[in-house]
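Dear colleague,

I am handing over the structure below, together with some notes on its nonpolar cores and aromatic rings. Please read the notes with the coordinates open beside you.

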Amino acid sequence: QATLELLRKEGFEWAASDETVLARALGRAEPGGEGWAGALYRPYRVETSAGPIAMVFRDRALSDLIGFTYMEWDPERAAEDFVRRVLEAGARARAEGTESPLVAVILDGENCWETYPDDGWPFLKSLYARLAEDPRIEPITVGDALERIPPRESLRHVPLGSWIDSDLGVWIGHAEKNHAWNELGRARECVEAA
C-alpha cells in the first residue's frame, strides 16, 4: 500500500501486479474458482493518501506462456494457442458479468526474446498477424485501456507481494541475499557520508 502511495505521489496513474496478489486482496487463498475470470479481467481503483491509483492484474498463465514456454513451440502453433486462450479468457469474464474484459499480459523483467529462435521474430510476426486479423481482440496499452474502461470497483487494500509466490520470499530471507542487502546499505551509508 505504501508503494502505491509513493507511485501516486510521483504522478503514476496506474500500477500492475500478479493475479495472486489480487486473490489475496479479494480475501481468496489463491486465484481461480467460481467468479475468478470476472474478477481478474477488470481494472480496480485503490485509494491512497496521495489520491486514487488504478491497478490491473496480469494473467499469470498467459504471461508465463510467452516468458517461459512458447519459445519451445512452433511459432504458428504458439500464436494460435495464445489467441485461443485470450478469447477463452474474455468469454469466461463476460459469462461472469465483466462487460469489457481487460486481459492483462505482462511479462516478468527478464528478456525472454533471447531464448526464442531469431529473437522471437517468427513468433511475434505470427502473433501480431493473428491479432490484427481477429476483431474480437484489441491489443491496447494499459493507459489507453483505462481511459476507455475506467475502474468501477475499488480494492481497500493491496497486500504486499511480488509476481513470484505473492510474497517477497524470493527477494529476502536467503543468507546471500540478506548479505547483499546489508552490503548495499553500507554502500549507501558511505555515499551519504561522502
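Rings of Phe, Tyr and Trp, the last through its six-membered ring, are taken as a pair if their centres lie within 6.5 Å. By that criterion a search of the whole structure, which is a predicted model, finds 7 aromatic pairs.

In one of these, Y44 and F57 meet edge-to-face, with 6.0 Å from centre to centre and 70 degrees between the planes. Because Y44 lies in strand β2 and F57 in strand β3, this pair ties together parts that are 13 residues apart in sequence. Y44 is buried, at 1% relative accessibility, and F57 is buried with a relative accessible area of 1%.

The rings of Y116 and F123 have centres 5.6 Å apart and planes at 35 degrees, so this pair is tilted. Y116 counts as buried at 5% relative accessibility, as does F123 at 2%. Ring pairs also link Y116 and F123 with Y70, W73, F82 and W113 into a cluster.

Turning to the cores, the largest nonpolar one has 19 residues, of which L4, L22, V46, M55, F57, L155 and V158 touch the most other members. Its largest share, 4 residues, comes from α3. Leaving aside neighbours within four places in sequence, L22 is in contact with W36, A39, L40, Y44, F57 and L155. A second, separate core of 17 residues includes L65, M71, Y116 and F123.

At the surface, I172, W181 and L184 make a nonpolar patch of about 320 Å², and W181, found in helix α8, is partly exposed at 48% relative accessible area.

With best wishes

How values were computed
Residues numbered from 1 in each chain as written. Predicted model: local features only at pLDDT ≥ 70, side-chain atom pairs only at ≥ 80, totals over all residues. Heavy atoms only, no water. Patch = residues over 30% accessible without salt bridge, like charges linked within 9 Å, V, L, I, M, F, W, Y side chains within 5 Å. Areas by Shrake-Rupley, 256 points an atom, 1.4 Å probe, with all protein chains shown as cover. Salt bridge = Lys/Arg side-chain N within 4 Å of Asp/Glu carboxyl O. Helix = DSSP H or I, 4+ residues; strand = E, 2+ residues; numbered from the N terminus. Buried < 20%, exposed > 50% of the residue type's maximum accessible area, 1.4 Å probe, protein only. Core = buried A, V, L, I, M, F, W, Y, C linked by side-chain atoms within 4.5 Å. Contact = heavy atoms within 4.5 Å. Phe/Tyr/Trp six-rings, centres within 6.5 Å; stacked < 30°, edge-to-face > 60°.
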